[in-house]
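Biologist: I am new to this structure and would like a guided tour. Could you take me through a few features and show me how to read each of them?

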Amino acid sequence: MDAQGFIERIKASRNYRGQIAAPPRCLEARPGDYRKPQHALPDRLVRLLRREGIDQLYSHQAEACDAIGAGEDVVIATGTASGKSLCYQLPVLADLLDDSECRALYLFPAKALAYDQLGNLQRMVEGADLTDAVRPACYDGDTPTHKRPGIRRTANIILSNPDMLHQSILPYHAKWAGFLARLRYVVLDEIHTYRGIFGSHVAGVVRRLQRLCEHYGSSPRFICSSATLGNPRELAEKLTNRPARLIDRDGSPRGRRWIVLWNPPWLEQAKISRRSGNIEAQELMQALLEQGAGTITFARARVVAELIYKYVVDALRTKRPDLAARVRPYRGGYLPLERREIEKALFSGELLGVCSTNALELGIDVGSLDAAIIVGFPTTLCSLWQQAGRAGRRQDESIVFFVAYDDPIDQYLMRNPEFIFDQPIEHAIIDPQNPHILAKQLGCAAAELPLSENDLTAFGGAAAEVSAALTEEGCLRHTAERYYWASPEMPAQKTNLRTISDATYAILDVTDGRNEVIGQVDSISAPELVYPEAVYLHQAESYVVRELDEETRIARVERLDTDYYTQPMLASDCRIKGERMHGEVLGGERFFGDVLVQWQTVAFRKFKYYTMELIGQTKLDLKPLKIETTALWLQPPKAALQTVVTQGFKKAEALAGVRNLLTVVLPPLAMCDRRDIGGIVDSSQLGQPTIFLYDRYEGGVGYARHGYEHIEHLLHMAHELVAGCDCQSGCPGCVGPANLRPAIHHDPDLQRGCEMPDKAATVELLKSWSQAN
C-alpha cells in the first residue's frame, strides 16, 4: 500500500484534528538474505517448497537447518512473519522422509497456534504428496477420547501444549512408550510467552520429559523459537537445561513500515478529556478497509474487540456493505470450530479485516495484511512490536497506528515516542529452582518414575534439599537411594502450570428454547463477563445474561438487541490472615505472613454505544474469587511520612509510587515476572498506611518472602531507579502505574487507568525513609 499517501489523505480529511502526536517514523526496507543449507534438502522437500512459492531459503532458515542437522539445540529469534516455522519443519520433515521411525513433538502455548500449524502442515504435506511419510495430529483437551489411542499409535508429529504434556501425557507415559522411545525432536514455539510462574513450571515439565525420554532410550534435540526478546538464548537454556545456539540474524526481506502515534483529540477547549480511542480506531480501520488495505486491529480486552467490530460493521453497512461482510472479530471464548473458520478465512484473503485481542499476536498465520492498529499500550514493548509485525509481508510497504487511550501510560508514550523506539526490549524471567515450583514438579516426576540421585542433579542444585523436605512432609518416601511418590493421588492433576484456574463456563443461548452453546469463558473471567443482566457481545450480536449458574458452570444468555453495553465494577481486598515474621527496616517495620486476596464483581454499569453515556447502575451479589497466598507488608517511619506532608506532597501519592517501584524491582531479584506479583496500599487493617506485596499464586511461591528478606536492598534499588530516571514528573519506567491486577474485561475508554503517582513525592518518601534510621 501507499502508506505515505494514506497518511496525507488522513491529514487532509475533515475529521483530522492533529491526532498524529509525532512525525511518523519510517522503518526502512530490508532486502532478503538468502543462502543454501550445507546439505541439500531431499528432492521431495524441494518440490514442496516450490509448491509454496519458495525457491530459496532465508539465511536464518539455512543456518537453522545446518545447526539442527549437526545435532545442536537451537533458539530462533527473528522477526514476525520471518518464516520461523520452516526452520524446524524442514529438518524434521527431512528426517521423517529418511527414517519412518522418527518422531517429533511440537509444543505451543495456545491451542489455536497448534491447530494453525497443523492446518499449514497438512496442507503442505498433502499438496506435496508426503502423506505416506508424514502423519501429523493435534493431541490436546479438544481431542475426542476415541481418537487418542490411534493418534498415539500412528502419528509421527504430535502438536500439543505444555499443559497437556504435564497432565495427560507424562503421567501416563507407559501408553506413550513407543512414541517417547523414538522421539527425536521437541519444538518449543513462542517461548517468549513462557515467563514467570508459567515458564518456571514449563521448565520443570521439560525436565520430566527429558527424564522419561532417557528412560525409554531417546535423547531428542530441542528447537525453540521466540519473538523479539531481550534474552532469548538465556530463556531457552533455562527452559531446556541445555546449551542452545542462538540464531537471530533475520534474513527475511521487509518492506518499509511506517509507525504512526495517534492521540485522540481533546473534546473541549479546557482539555479535560479526549475523544474515544475506540471510535478513533474504528474510523482509521474503516478508512483503511475502504482503501482496500488488509487490516488487523488489536484491542486490550474482549469487549473492545467486539465493540470496534460492531462500530466498523455498522458504518460499512450503509456505505460499503460488500466490505462489511469481509470483517470479523477474533478473541478467546469462541468455540474451536468458529476460531478455525475465522483463521482460515483470514489466511485465504476472504476476510479483509479482523478486530482481535492479543489472541492473534502469536504466530497464527494471518495471511497478507497491509496495516495494524494497536489500540492502547499492550503492557510490554515485546507485545507492541509483535503486534506491529503483523502488518506487512516481505517487500510490501505497511503502516502501523498506535492509538492512545486517555490514560497516563498511553499519554506518556505519545509525549515521549523515544520510549517506544529506543528502549530495550524486556527480558523474560523464569526460576526453575524456585523451591515451591520445584516441589510440585519433583512430586509429579516421582509419581511418573522413582527419582534417583542423577535425576535430582538434572532438576538443579535445590532438588536434593526440596526432595528431603517433601520426604519429611510425607509426600515422598526415600528407599534404596530413590524417592518414591507416597500418595495414591496423581499430583499432576492438582498442579496448574498457570496462575489462573483452567475451569471453564459454557455460554448457552436459550433464546426461544434453543439451548445451543455459543462460547466459553474461564472461571476467573466469568464474573466479569457473564454476570446476571450483562450484555454479552458475540460477533456484533448482543445477548443478555439471564443466569450465571456457578454450580454447573453455565451462563444462560438470550438474544436481545440493545443500544447499550455493560461494564463490571470490581472490589478487591488483601486481608492479613496470620503473621509469620516481623522486623525493622530503616526505622520502619516489615512483616511477612499469610493473606487472603479476593476480588468480586459488586455491580455493573450500562453505557450507550458510541457516546459512552452512563444510563444505569445495578448492584450484584456474586461470590468473591479468592486466593490464599503469602505477602510482605511494610510500614514506613511516621517521621518520613510527616516529612512528605511537610514538603507539600500527598502521602497517598508517595505510597503508591513506592508500591509501584517495588513491583518493578522485586521481579528481577526474585526471578519472577511482574505479573506474578500484586500490590495494594491499605490503612484499614493496621491503622496506619501499609504497603502490601503478594504472590499471585495459590499458597504463594516465595516471591514476597524474598522481598521481606531483602527489603533494605529493594528500597535502595527503588530509590536509585526513580532518582536516576530522566523524566520530570513520573513515567512508565519509574513510578508507574504498576502492573496490578486489572479488570480484564473493562473497556479502557471508560476506565482512564491508574493515576501516575507524583514522582517528587515518591522520591521524598524514599529519601526520608533512608535517613530515618
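Biologist: Which residue with a positive phi follows H3?

Modeller: That is Gly71, with phi near 90°. Before we go on, a word on the source: this is a predicted model, in which local features need pLDDT of at least 70 and side-chain atom pairs count only at pLDDT 80 or more, while totals for chains, interfaces and linings use all residues. Residues are numbered from 1 along each chain as its sequence is written, and side-chain values use heavy atoms, with hydrogens and water left out. As for names, helices (H or I, at least four residues) and strands (E, at least two) are DSSP runs, numbered from the N terminus.

Biologist: How many of the residues of H3 are buried?

Modeller: Here is the idea behind the word: buried means under 20% relative accessible area, exposed over 50%, and partly exposed in between (1.4 Å probe, protein chains only). Helix H3 covers residues 59-69, and 10 of its 11 residues are buried. Among them are His60, Glu63, Cys65 and Ile68.

Biologist: What do those buried residues of H3 pack against?

Modeller: Their partners are helix H4 (84-98) and the strands E2 (74-76), E6 (183-188), E7 (221-225) and E8 (245-247). Contact here means heavy atoms within 4.5 Å.

Biologist: Let's turn to strands. Which strands pair with E5?

Modeller: In general, strands of a sheet pair through backbone hydrogen bonds, either parallel or antiparallel. Two strands pair if DSSP finds at least two bridges between them. Strand E3 (residues 103-107) is parallel to E5, with 4 bridges, and Ala104 stands opposite Ile157. Strand E4 (residues 136-138) also runs parallel to E5, joined by 3 bridges; there Ala137 has Ile158 as its bridge partner. E5 itself (residues 157-160) is covered on both faces, with Ile157 and Leu159 buried on one side and Ile158 and Ser160 buried on the other.

Biologist: Where is Asn161 placed?

Modeller: Asn161 sits in the loop between E5 and helix H7 (162-169). Its relative accessible area is 7%, so Asn161 counts as buried. Leaving aside neighbours within four places in sequence, Asn161 contacts Leu107, Phe108, Lys111 and Asp140. Lys111 is 50 residues away along the chain, yet the two C-alpha atoms are separated by 7.0 Å.

Biologist: Which backbone nitrogen lies 2.8 Å from a polar atom of the Asn161 side chain?

Modeller: It belongs to Met164. A polar contact is a pair of N or O atoms within 3.5 Å; within protein, one must be able to donate a hydrogen and the other to accept it, and residues adjacent in sequence count only if both atoms are side-chain atoms.

Biologist: Now a whole sheet. What is the strand order in the open sheet of 5 strands?

Modeller: The order is E18-E17-E21-E20-E19, and the pairing is mixed. E18 (516-522) and E19 are the edge strands, each pairing on one side only. From one strand to the next, the twist averages 35°. On the parallel side of the mix, E17 (residues 504-509) and E21 (residues 554-559) share 4 bridges, and Asp509 has Val557 as its bridge partner. An antiparallel case is E19 with E20 (residues 541-549), again over 4 bridges, where Leu537 is partnered by Ser542. The hairpin of E19 and E20 has 2 residues between the strands, and Gln539 in that hairpin takes a positive phi near 55°.

Biologist: Last feature: how do I read two packed helices, and at what angle do H23 and H25 pack?

Modeller: Two packed helices are described by the angle between their axes and the distance between the axes. Axes are lines fitted to C-alpha atoms, for helices over the stretch in contact, and angles run from 0 to 180 degrees between N-to-C directions. H23 (residues 651-670) and H25 (residues 711-723) pack at about 120°, with axes 9 Å apart. Residues making the contact include Leu662 and Leu669 of H23 and His713 and Met717 of H25.
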